[in-house]
Amino acid sequence: MKKLIVLVGMMGSGKTTVGNLLSKKLDFNFVDIDNEIEKQEKMSVSAIFNEYGEQYFRRIEKLKTLQYAGNKNLVLSLGGGGFEDDEIRKILNKNGCVFYLKATPECLFERIKESIHRPLLRKNFSVDTIAFILKKRENNYKKAKFVVETSDKSPEDVVNKILRTLR
Ligand code: S3P
């Protein structure tokens, strides 16, 4: 199987954990766009938002994603806002198998409530804020070829579901 597998979804949907595990099972490389940006900029995502603002972050996020959009044998995890761009959605849907890791706002909240590094949630961190962001984005997430429900599922369950879908 020669494939580009892309994981999209909200913060806390498990893209990084699932992506890592999935890449090992498939013996593919794994790239997490947020990590790549942090390595390149030598700054945390949160510091980039603080110092240069969200627009700047979105620009480098797009460039970084395009850099990997033609790769094969790769599992690619986008940041939560990485599938909002029309061009990115079009290219990734054309070149890869895109999976939307879906979860309820309550479940997302539980998974990320201890993490302080997410700039979009620093103010008004609540189930309602997550639900608000999800509502704005869900239409685009659903343009992924496959939707995998992850609420109440372990990362292993999600990986197995993806593998069954790919077969
Ligand atoms: C963002 C999600 C984050 C990161 C940045 C913005 C978003 O990635 O890219 O903080 O817009 O939802 P994760 O989804 O990996 O947390």
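In this predicted model, E114 is found in the loop that joins α6 (105-112) to α7, and the residue counts as exposed because its relative accessibility is 67%. The C-alpha atom of E114 is separated by 33 Å from that of E87, although the two residues are 27 residues apart along the chain. Helix α7, which comprises residues 127-141, contains T129. With a relative accessible area of 16%, T129 falls under the 20% limit and is therefore buried; its side chain makes a polar contact of 3.0 Å with the side chain of S126.

The nonpolar interior was examined next. The largest nonpolar core has 33 residues, and those with the most contacts inside it are V6, V8, L76, L78 and L92. Helix α7 gives the most to this core, contributing four residues. When residues up to four places away in sequence are not counted, L92 touches L4, V6, T65, A69, L76, L78 and V98. A second core, separate from the one described above, has 16 residues, among them I5, L7, F99 and L101. Such grouping can be set beside a general tendency, in that nonpolar side chains in soluble globular proteins tend to be buried together.

Helix α2 (33-41) was considered together with its surroundings. At the start of α2, a side-chain oxygen of D32 reaches to within 3.2 Å of the backbone nitrogen of D34. The buried residues of this helix are I33, E36, I37 and E41. Seen down the axis of α2, these residues fall within an arc of 120 degrees, so they line one face of the helix. The buried residues of α2 pack against β2 (29-32), α3, α4 and β3. One of them, E36, counts as buried because its relative accessibility is 14%. The side chain of E36 makes a polar contact of 3.1 Å with the side chain of K39, and, when neighbours within four places in sequence are left aside, E36 is in contact with V31, K64 and Y68. After α2 comes K42, which has a positive phi near 55 degrees.

In helix α3, which spans residues 45-52, the buried residues include V45, S46, I48 and F49. These four cover an arc of only 165 degrees around the axis, and they are therefore placed on the same side of α3. On the other side of the helix, N50 and E51 are exposed. The buried residues of α3 pack against α2 and α4 (54-68), while the buried residues of α2 in turn have α3 among their packing partners. Helix α3 is followed by G53, with a positive phi near 90 degrees.

Positive phi values were also found in two loops. In the loop between α4 and β3 (74-77), N73 has a phi near 55 degrees, a positive value in a residue other than glycine. The relative accessibility of N73 is 27%, so this residue counts as partly exposed. In the loop between β5 (146-149) and α8 (155-166), D152 has a positive phi of about 60 degrees although it is not a glycine. D152 is exposed because its relative accessible area, at 79%, lies above the limit of 50%. For context, most residues other than glycine have a negative phi.

The surroundings of the ligand were then described. The ligand is surrounded by 14 residues, of which the closest are K15, D34, R58, R118 and R137. Helices α3 and α4 each supply at least two residues of the shell around it. Oxygen atoms of the ligand lie at short range from polar atoms of the protein in several places, including a distance of 2.7 Å to an N or O atom in the side chain of D34. A backbone N or O atom of G80 lies 2.9 Å from an oxygen atom of the ligand, and a polar backbone atom of G81 is 3.4 Å from an oxygen atom of the ligand. Of the 390 Å² of accessible area that the ligand has on its own, the protein covers 95%. D34 thus appears in two settings, since its backbone nitrogen is approached by D32 at the start of α2, whereas its side chain is 2.7 Å from an oxygen atom of the ligand.

Notes: Residues numbered from 1 in each chain as written. Predicted model: local features only at pLDDT ≥ 70, side-chain atom pairs only at ≥ 80, totals over all residues. Heavy atoms only, no water. Buried < 20%, exposed > 50% of the residue type's maximum accessible area, 1.4 Å probe, protein only. Arc of directions from axis to C-beta. Contact = heavy atoms within 4.5 Å. Core = buried A, V, L, I, M, F, W, Y, C linked by side-chain atoms within 4.5 Å. Near = heavy atom within 4 Å. Polar contact = N/O pair within 3.5 Å; in protein donor to acceptor, adjacent residues only side chain to side chain. Areas by Shrake-Rupley, 256 points an atom, 1.4 Å probe, with all protein chains shown as cover.
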